[in-house]
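Morning, everyone. I have one structure to walk through today, so please have it up on your screens.

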Amino acid sequence: MEPIYLNSLNCTEFKNTLDSLDYVFSDCDGVIWSDVPYPGVGEFFHRIKQLGKTVHFVSNNSVRSRKKYEDLFDAADIKYGFENLTIPSIAIAKYLKSIKFNKTVYCMTCPETINTLLAHGIKCKHGPEDGSELYTNYLDYFDDDDEIGAVVFDNDFNVNLAKMYRAITYLRRSEVIYISGALYNYVSLKQGYLSLGPGLFNDVLNKETNRVPIVFGKPGKLLGDYAMKRVGVTDPSRVLFIGDMIKQDVGLGKVAGFKTLLLLPNNTRADMMAHPHLKPDFYTESLSSLVPLLNNVCL
């Protein structure tokens with residue numbers, strides 16, 4: 001089925017679409033804000049809640065601190081945003097606690113993911129942040145450590161060769177759990193601009209270890225499952241997932257059984273139609289463009 005341009009619907013058609021939904025899950029970066037919130041996003045979610053929909057946020061971004069998230073949600077005029085946010089670091093910590101993990105995690109992650117794991121009572125090791133100028137010194141990074149029981153890769157923008165060697169060494173032991181959070185090969189630095197992301201290094205790690213990680217980041221189904229569990233969703237087809245990335249956001253929606261809405265700041269309609277198998281159910285330019293339609297329904 002070809003994606004539906006929401007702005008082309010009349011008021012009755014738009015209302016019927018909303019009536020088929022009970023939940024609206026939304027990405028954050030590239031949807032609600034870049035460095036500052038986009039115009040009209042607060043009003044969009046206010047109207048959605050007025051219509052009785054439950055709003056939740058699902059982001060791959062574990063890099064940002066709680067304080068920074070709260071400041072951005074406040075600036076966007078979205079109340080209780082962080083309390084209704086699911087990110088990989090929290091899902092990973094909850095998973096490790098659920099399996100009674102009692103060893104040490106080797107973290108190829110951002111500092112905030114380490115802080116989250118530590119806050120849940122999980123021991124962590126990480127680094128080195130700098131490698132060696134002499135290549136033969138890299139032999140030191142091939143030493144195994146029996147204390148390590150898991151390797152977690154999540155949004156490490158300071159990844160280096162030394163860390164890769166350590167992770168590869170630990171993952172040679174089949175009993176070491178391998179977990180990934182965000183798998184972004186590209187990230188949105190500002191509206192309309194994409195840059196290389198840490199997921200590219202995750203791909204190298206997979207290839208060199210011949211291991212497949214347990215994925216708690218988009219487009220992995222487990223992150224969607226965890227978000228649904230938090231909110232109490234029993235029918236995923238009643239969820240609309242909003243995102244700006246085809247692979248991560250539409251991909252998550254499809255594996256989780258959600259309906260999907262793609263925003264087009266980083267993609268064109270031609271990009272969307274050219275994808276071989278990931279097609280959103282709906283698309284639009286921005287959340288603010290839907291506010292007039294929502295106003296008509298609400299009023």
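What percentage of the 299 residues of the protein count as buried? The figure is 54%. Keep in mind that this is a predicted model.

Overall shape next. For 299 residues, a compact globule would have a radius of gyration near 19 Å. The protein has 20 Å, which agrees. Along the principal axes, the C-alpha trace spans about 65 × 40 × 35 Å. The accessible surface comes to about 13,900 Å². Carbon and sulfur atoms make up 53% of that surface.

Now charge. The protein has 32 positive and 35 negative charges. Their mean positions lie 5 Å apart.

On to the fold. We have 11 helices and 14 strands. Take contacts between residues with a separation of 6 or more: 70% of them link residues 24 or more positions apart.

There are two sheets to look at. Start with the open sheet of seven strands. Its order is β1-β14-β13-β12-β2-β3-β4, and the pairing is parallel. Which strands stand at the edges? They are β1, residues 4–5, and β4, residues 85–86. Each has a single partner strand, so one side of each is left without a neighbour in the sheet. Look inside the sheet at β2, residues 23–26, and β3, residues 54–58. Four bridges join these two parallel strands. One pair to find on screen: S26 has F57 in β3 as its bridge partner.

The other is an open sheet of five strands. Here the order reads β6-β5-β7-β8-β11, again with parallel pairing. At the edges are β6, residues 123–126, and β11, residues 214–215. Each of these pairs on one side only. Two bridges join β8 to β11. In that pairing, S180 is matched with V215 of β11.

Helices now. Go to α4, residues 88–98. Its buried residues are P88, S89, I90, A91, I92, A93 and L96. What do they pack against? Three strands are on the list: β5 at 104–109, β7 at 148–154 and β8 at 177–180. Two helices are there as well: α5 at 111–119 and α8 at 221–231. Just after α4, K100 takes a positive phi of about 55 degrees.

Next, α9, residues 246–256. Eight of its 11 residues are buried, so α9 is largely enclosed by the rest of the structure. The buried set is I246, Q248, D249, V250, G251, L252, G253 and A256. What covers them? The cover includes the strands β3, β12 at 239–243 and β13 at 259–263. It also includes the helices α8 and α10, the latter at 269–274. Just past the helix, G257 has a positive phi of about 90 degrees.

One residue in α9 to zoom in on: G253. Is G253 buried or exposed? Buried, with a relative accessible area of 0%. Set aside the neighbours within four places in sequence, and G253 is in contact with F258 and T260. For scale, try G253 against Y170. They are 83 residues apart in sequence and 33 Å apart in space, C-alpha to C-alpha.

To recap: two open sheets, one of seven strands and one of five. And α9 is largely enclosed by the rest of the structure. Over to you for questions.

Key: Residues numbered from 1 in each chain as written. Predicted model: local features only at pLDDT ≥ 70, side-chain atom pairs only at ≥ 80, totals over all residues. Heavy atoms only, no water. Rg over C-alpha atoms; globule rule 2.2 N^0.38 Å. Buried < 20%, exposed > 50% of the residue type's maximum accessible area, 1.4 Å probe, protein only. Contact = heavy atoms within 4.5 Å. Areas by Shrake-Rupley, 256 points an atom, 1.4 Å probe, with all protein chains shown as cover. Lys, Arg positive; Asp, Glu negative; His and termini not counted. Charge placed at Lys NZ, Arg CZ, Asp CG, Glu CD. Pairing = 2+ DSSP bridges.
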